Amino acid sequence: MTFSRRRFLQSATALAVLPKAVRASSTDLVARKAIQQIAPNGFPETPVWSYGGGVPGPEIRLAQGARLQRRLVNDLPQPTTIHWHGIRIDNAMDGVPGLTQDAVTPGEDFHYDFVVPDAGTYWYHAHNRSVEQVARGLYGPLIVEEAEPLDVDHDLTLMLDDWRLDPETAHIVDDFDNGHDQSHAGRLGNLVSVNGQFDPAFSVRSRDRLRLRLINASNARIYDLSLDGLVGRIVALDGMPLETPMRVEDSFPLAPAQRADLVVDVQARPDRVAGLVSREREGSFGLVRFTVSGQSARTGQPSIAPLPPNPLPMVTLDSAPIHRMTLQGGAMRWLESAHLGETLLSGRELAQLGRFWALNGYAERPQDPFLDAQRGSVHRIEFVNETAFPHAMHLHGHHFRLILADGRLGPWRDTVLVERGQTRQIALVADNPGDWLLHCHMLGHAASGMMSWFRVT
Ligand code: C2O
Ligand code: CU
């Protein structure tokens, strides 16, 4: 009997030792099992899947325009890939199994190598069986720095996740394909972590200016966030600077996969606690504490200026065709029928196969693209949400502009929240050649039908 490379790796990893051939270097992201204290102290630790031994994975920081090179080493029991969410990336590096690459099988590796064109807050996450792999912890922050750093006292990345843990063992409940979750709001958890920790605290001074980079890595939870003892503005959404920073008056939504960059001043006085708060129907709870001690020398804070713009294309709507994408299915609006490939199946048959949703009548990624666009052409996509649930629609490889109710162009985004019953239009400049996914980022919805794609040639 001969030892294939894969066999060797598997037996070696059973001893928790990587053989020399795959010894981790600083440019490796080793996807592997780990143990972490996610639940509050006093609870047991949680077995997770990680990049490099911790959740979130290492924060990757690089300069705008720089080249990112990472080798994914798969030391997990499942095939996996990495998607670099929000990066206007070279298609071959987009990390979508079956569309841009083969999934990396256990013991194998894959070299990601691409340039990051835009400054801002992005993230990376597993894109094979995401509904399980992201829920187990396979995600991390990707920060692309502006040429001129902002004048702030702290630049903090805050990555939100929603875990479903067994309250006794603190193990992740492994019902990832739960049909009730998938046909409703998706997999919602019972513990929210920030940077893989429950209720973390940071020390700040009164009057400090902070940049907060919020990233929602949750499978399905939509946060309604507010500030306590902090005042400031949203300066970027999904990585892209707002032309006019937006004052946080009350609360603001952060749907799965979305990011918001805030610049805030600590208003709370010394010995007080400021915080980031999640508002829920049952009341509010703190996600992050800022314990305030002392006072910074800052007086009369300058106003919060816009970030420098990224090199995004011009959007001219004049002759842009409208492509309608209808979102159907889910509990209370069950599918009557939809296609799997060529076959039209009834809603009942689809449910038996774990398919509850459809995009334009397809309950899985169709053979033909939803849109076949010529490179450089402008398109409107109109999302018509006929379901009884909100969905976070994400396009790969591109950012798009929201079209506001009055027809004007809104902010750039890569993920748009489409509320139940709502219709939302976006404008896309299809300028990045390749085959790109378009799906709901409630990962259980994507797994049970809300998956499509478009082509740019
Ligand atoms: Cu962040 Cu296709 O995903
Ligand atoms: Cu959805």
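The exercises below, each with a worked solution, walk through a predicted model of a protein chain with bound copper.

**Exercise 1. The copper site**

Find which residues coordinate the copper ion (ligand 2), and work out how they are spaced in sequence.

Solution. Begin at the metal: the copper ion (ligand 2) is coordinated by His-391 through ND1, Cys-440 through SG and His-445 through ND1, at 2.0 to 2.1 Å. Next, follow these donor residues along the chain, where their spacing reads H-x48-C-x4-H. Finally, consider how accessible two of the donors are: Cys-440 has a relative accessible area of 0%, and His-445 likewise has a relative accessible area of 0%. Because buried means under 20% relative accessible area, Cys-440 counts as buried, and so does His-445.

**Exercise 2. The strand that carries His-391**

Describe the surroundings of strand 26 (residues 391-395), stating how many of its residues are buried and with which strands it pairs.

Solution. Count the buried residues before anything else: five of the five residues of strand 26 are buried, so this strand is largely enclosed by the rest of the structure. Then sort the residues by direction, which places His-391, Met-393 and Leu-395 on one side of strand 26 and Ala-392 and His-394 on the other, all of them buried. This can be set beside a general rule, that side chains in a regular strand alternate between the two faces of the sheet. Turning to the partners, strand 26 pairs in the antiparallel sense with strand 29 (residues 415-418) over four bridges, and three bridges join strand 26 to strand 31 (residues 434-440), again running antiparallel. Met-393 takes part on both sides, since its bridge partner in strand 29 is Val-416, while in strand 31 Met-393 stands opposite Cys-440, one of the residues that coordinate the copper ion.

**Exercise 3. A residue of strand 31**

Decide whether Leu-437 is buried or exposed, and list what it touches beyond its neighbours within four places in sequence.

Solution. Leu-437 has its place in strand 31. Its relative accessible area is 1%, and because the limit for buried is under 20%, Leu-437 is buried. Once the neighbours within four places in sequence are left aside, the contacts of Leu-437 include Val-96, Leu-99 and His-127, as well as Arg-365, and they also include His-394 and Leu-395, two residues that belong to strand 26. Met-451, Ser-452, Trp-453 and Phe-454 are among the contacts of Leu-437 too.

**Exercise 4. The nonpolar cores**

State how many residues the largest nonpolar core has, and which of them have the most contacts inside it.

Solution. The largest nonpolar core has 67 residues, and those with the most contacts inside it are Trp-84, Phe-383 and Met-393. The largest share of this core, five residues, comes from strand 30 (residues 423-430). Apart from it lies another core, of 30 residues, among them Leu-214, Val-266, Val-288 and Phe-290.

**Exercise 5. Domains**

Name the domains of the chain, and describe how domain 2 and domain 3 meet.

Solution. First lay out the division, which gives domain 1 (5-145), domain 2 (154-295) and domain 3 (322-456). Next, take the centres over C-alpha atoms, for which the separation between domain 2 and domain 3 is 27 Å. Then turn to the contacts, in which 19 residues of domain 2 meet 25 residues of domain 3. Lastly, the area buried between domain 2 and domain 3 is about 1,800 Å², and carbon and sulfur atoms give 59% of it.

Methods:
Residues are numbered from 1 along each chain as its sequence is written. Chains are lettered from A and ligands numbered from 1 in the order in which they are written. This is a predicted model: local features need pLDDT of at least 70, side-chain atom pairs count only at pLDDT 80 or more; totals for chains, interfaces and linings use all residues. Side-chain values use heavy atoms; hydrogens and water are left out. Donors are N, O and S atoms within 2.8 Å of the metal (3.2 Å for Na, K and Ca); water is not among the atoms, so sites may look incomplete. Buried means under 20% relative accessible area, exposed over 50%, partly exposed in between (1.4 Å probe, protein chains only). Two strands pair if DSSP finds at least two bridges between them. Contact means heavy atoms within 4.5 Å. A nonpolar core is a set of buried Ala, Val, Leu, Ile, Met, Phe, Trp, Tyr and Cys residues joined through side-chain atoms within 4.5 Å. Domain bounds come from an automatic or database domain assignment. Buried area is the accessible area (1.4 Å probe) that two parts lose on being put together, summed over both.
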